[in-house]
Amino acid sequence: MQSAEIELKFPISDPAALQARLPQLDFHLDTPRTFEHNTLYDTPARDLRAKKQLLRIRQYGDLCTVTHKRQPDQASIDTTRYKIRIETETTVADGPALSEIFQQLGYAPVFTYEKFRTEWSHGTERSAHLVIDETPIGNYVELEGPPDWIDRTVAELQIDPATCITDSYGTLFLNWKQRTGSPAEHLTFVAIPTPVLTSR
């Protein structure tokens, strides 16, 4: 399935406190806290990264998916305020087999990132959802849906718009490495065993 993905992130310090408020705002729990493992693939010359594209295999609980993301040909929405990507995604039966196919075609694993994700849907905006990601470098909320719904939800959650970001987890990780001097090469709980406070 292919769709336009419009999203925004913001850091949070207390996921439990936020989740306690969500039912009052007409959110419904879809997926309880579940471990997620992601691997990005690219050529040795990083051709996909140069074209601002992404090729990913994700294991989320028992569900394995393959995803390709690219920038839209034309953006009618402010890309400085929201992250917008054209996403093509489907489930796969055998992630390791697909990984082997990618590698035989010249796409090798280049970055791994992990998190615990909790998914919530909204009662009236069916195309929108909110996820809470607990990563080794901090906790983030990701809102995905129409821009007006994103803005409304940020206001209802009383989040300072100045804290909202469009960075990917790869970019957040590189920024964190620069700030901390960490030698970690991947955003995993093994490479970064002690959770740290979320920081922009």
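**Exercise 1.** In this predicted model, decide whether Phe-173 and Trp-176 are buried or exposed, then classify their ring pair.

Solution. Step 1: Phe-173 is buried, and Trp-176 is buried as well. Step 2: a pair of aromatic rings is described by the distance of the centres and the angle of the planes. Step 3: for Phe-173 and Trp-176 the values are 6.2 Å centre to centre and 20° between the planes. Step 4: centres within 6.5 Å make a pair, and planes under 30 degrees apart count as stacked, so Phe-173 and Trp-176 form a stacked aromatic pair. Step 5: the two residues are 3 apart in helix H5, and are therefore separated by about one helical turn.

**Exercise 2.** Find how many aromatic pairs the whole structure holds, and classify the pair of Tyr-140 and Tyr-169.

Solution. Step 1: a search of the whole structure gives 10 aromatic pairs. Step 2: in the pair of Tyr-140 and Tyr-169, the ring centres are 5.9 Å apart and the planes stand at 75°, so this pair is edge-to-face. Step 3: Tyr-140 belongs to strand S8 (residues 138–144) and Tyr-169 to helix H5 (residues 169–180), so the pair ties together parts 29 residues apart in sequence. Step 4: both Tyr-140 and Tyr-169 are buried.

**Exercise 3.** State which residues the ring pairs link into a cluster with Tyr-169, and which lysine lies over the face of Tyr-169.

Solution. Step 1: the cluster linked by ring pairs consists of Phe-111, Tyr-113, Tyr-140, Tyr-169, Phe-173 and Trp-176. Step 2: Lys-9 lies over the face of Tyr-169, at 4.6 Å from the ring centre.

**Exercise 4.** Name the residue whose ring face has Arg-33 over it.

Solution. The residue is Phe-116, with Arg-33 at 4.0 Å from the ring centre.

Technical notes:
Residues are numbered from 1 along each chain as its sequence is written. This is a predicted model: local features need pLDDT of at least 70, side-chain atom pairs count only at pLDDT 80 or more; totals for chains, interfaces and linings use all residues. Side-chain values use heavy atoms; hydrogens and water are left out. Rings of Phe, Tyr and Trp (its six-membered ring) pair if their centres lie within 6.5 Å; planes under 30 degrees apart count as stacked, over 60 as edge-to-face and the rest as tilted. Helices (H or I, at least four residues) and strands (E, at least two) are DSSP runs, numbered from the N terminus. Buried means under 20% relative accessible area, exposed over 50%, partly exposed in between (1.4 Å probe, protein chains only). A charge sits over a ring if NZ of Lys or CZ of Arg is within 6 Å of the ring centre and within 35 degrees of the ring normal.
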